[in-house]
Amino acid sequence: MAATKKAVLGPLVGAVDQGTSSTRFLVFNSKTAELLSHHQVEIKQEFPREGWVEQDPKEILMSVYECIEKTCEKLEQLNIDISNIKAIGVSNQRETTVVWDKITGEPLYNAVVWLDLRTQSTVENLSKRIPGNNNFVKSKTGLPLSTYFSAVKVRWLLDNVRNVQKAVEEDRALFGTIDSWLIWCLTGGTNGGVHCTDVTNASRTMLFNIHSLEWDKELCEFFEIPMKILPNVRSSSEIYGLMKAGALEGVPISGCLGDQSAALVGQMCFRDGQAKNTYGTGCFLLCNTGRKCVFSEHGLLTTVAYKLGRDKPVYYALEGSVAIAGAVIRWLRDNLGIINSSDEIEKLAKEVGTSYGCYFVPAFSGLYAPYWEPSARGIICGLTQFTNKCHIAFAALEAVCFQTREILDAMNRDCGIPLSHLQVDGGMTNNKILMQLQADILYIPVVKPSMPETTALGAAMAAGAAEGVGVWSLEPEDLSAVTMERFEPQINAEESEIRYSTWKKAVMKSMGWVTTESSESGNA
């Protein structure tokens, strides 16, 4: 019996998808890309002070183990032999920063999440040291100096946390983004754990030269970060090490991609000019620019898309990053209590079918692309006595769509060729009202794969295709055809434009809200 099952399924590949709000483990059939089983655990976010966002690295690690064990149990119930799992890929929330002790294996501080704003004064002090006529940080990394990226978070930890300073002095400290922390722990931790990262995650630290694909000495000196704490940089698809514990002990970890790069791979955007937008905690529009770095004139980032093998070429992308998308729904649930679960938002929005002139700019962490305005804060405007929670729910969904329109406009201006449709993925794409709104506001069709877990799929593809694993072919003729759902624009272009220009007025009102003094009043 087992033999016939095996013949039907062929080799399987697992993917750890460690996001900002949850951790998942998913298992795919490498021949058909079919999702066989998965398990998901929500992750706690801590907000110790205004603007601070932290997570517990050990909770993140335990959630990964829990998701792997539970998924393996589900596969056993389906009579699927878990010994068919030939490789594991890791995809992760990017930029989030962990510093841990390599002797004890313990984190030296909570993970400082990408959305965290405590480093604003660090950023302002550093920016004074960059010559106006030579922004070497931007030209080497593709990134603007912002609280978003890892280097300033590490700088803050070195300046403010004695445990971290001491461990660095005593040569016990290791730094990594979430992928590095997980891979180090899963491959043995204090007992021979592999300290590595991939080019996509490295490109989000602000310490990595995206041209030479190496840690940059000048950048490390500028941020005063010792190079000895940095992980080894590897390609996105190669065997890094073997699982050292749990149900999948002995299985190679052979794929690693930052979540947005993973979604680009999972959406099969392998050609120059192909783009996707992922709706998660934030919203991330990436456009593959091929083997060349394209620098934006309109507030987008230049980043590494992927490098699918040690000897394979590196591909680059332009990225429009929006900090708050799904997070606004979580905020309506946890902070305002107007919904009990995230999927209720669709019901509320449906009741009114309009925001009735109410606009919601969720600039909780300032504004990212295309503005890069850290002084902005969230506002809800256009309120009247008629406005109720349904209108606010609708305005929150519209906000996600308007923010996407802003980064899409920037992308079209930078690339010169407007996108004819938008490929989308991520948890929020299950919301049909949101997808229809998005098509209306962009005025182009929105196309969504029937299996929205493209981030995990991308990590699984990278892992399965790795040299020494070789169970997943990335040749165009071997990639499975994906069934898609299309949303066509249903309103007239003029109405779409009027709503968009009112949104822009609201964005202007959200800016210049905070001065450094007021946001830093509770500094450590």
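In the predicted model, residues 24 or more positions apart account for 73% of those contacts in the protein that have a separation of 6 or more. The secondary structure comprises 17 helices and 23 strands. For 524 residues, a compact globule would be expected to have a radius of gyration near 24 Å, and the value of 22 Å found for the protein agrees with this. Along the principal axes, the C-alpha atoms occupy a box of roughly 65 × 55 × 45 Å.

Of the 524 residues, 62% count as buried. The surface exposed by the protein amounts to about 19,900 Å², of which carbon and sulfur atoms supply 51%. Charged side chains number 49 positive and 60 negative, and the centres of these two sets lie 1 Å apart.

Two secondary-structure elements illustrate the buried part of the protein. Helix 10, formed by residues 259-266, is largely enclosed by the rest of the structure, because eight of its eight residues are buried. The buried residues of helix 10 are Asp259, Gln260, Ser261, Ala262, Ala263, Leu264, Val265 and Gly266. Helix 10 is followed by Met268, for which phi is positive, near 60°.

Strand 17, spanning residues 301-306, is likewise largely enclosed by the rest of the structure, since six of its six residues are buried. Strand 17 runs antiparallel to strand 18 (residues 315-322), and five bridges join the two. Within this pairing, Tyr306 stands opposite Tyr315 of strand 18.

Individual positions were examined in a helix and in two loops. Thr71 belongs to helix 2, which covers residues 57-77. With a relative accessible area of 0%, Thr71 is buried. When residues up to four places away in sequence are not counted, Thr71 touches Phe25, Val27, Ser37, His38 and His39.

Trp472 is located in the loop that connects helix 15 (454-464) with strand 23 (484-487). The relative accessible area of Trp472 is 8%, below the 20% limit, and the residue is therefore buried. Apart from neighbours within four places in sequence, Trp472 is in contact with Val13, Phe28, Asn29, Ser30 and Ala33, and also with Leu457, Ala460, Met461, Gly464 and Ala465. For one of these partners, Ala460, the separation along the chain is twelve residues, and the C-alpha atoms of Trp472 and Ala460 are 8.6 Å apart.

A second loop position, Ser342, lies between helix 11 (326-336) and helix 12 (344-352). Ser342 has a relative accessible area of 32%; this value falls between the limits of 20% and 50%, so the residue is classed as partly exposed. Leaving aside neighbours within four places in sequence, the contacts of Ser342 are with Ile329 and Arg333. The C-alpha atoms of Ser342 and Trp331 are 9.6 Å apart, the two residues being eleven positions apart in sequence.

The loop positions Trp472 and Ser342 thus have relative accessible areas of 8% and 32%, respectively, whereas Thr71 in helix 2 has a value of 0%.

Terms used: Residues are numbered from 1 along each chain as its sequence is written. This is a predicted model: local features need pLDDT of at least 70, side-chain atom pairs count only at pLDDT 80 or more; totals for chains, interfaces and linings use all residues. Side-chain values use heavy atoms; hydrogens and water are left out. Helices (H or I, at least four residues) and strands (E, at least two) are DSSP runs, numbered from the N terminus. The radius of gyration is taken over C-alpha atoms; the globule rule is 2.2 Å times the number of residues to the power 0.38. Buried means under 20% relative accessible area, exposed over 50%, partly exposed in between (1.4 Å probe, protein chains only). Contact means heavy atoms within 4.5 Å. Accessible areas come from the Shrake-Rupley method with a 1.4 Å probe; for residues, only the protein chains shown count as cover. Lys and Arg count as positive and Asp and Glu as negative; His and the chain ends are not counted. The place of a charge is taken as NZ of Lys, CZ of Arg, CG of Asp or CD of Glu. Two strands pair if DSSP finds at least two bridges between them.
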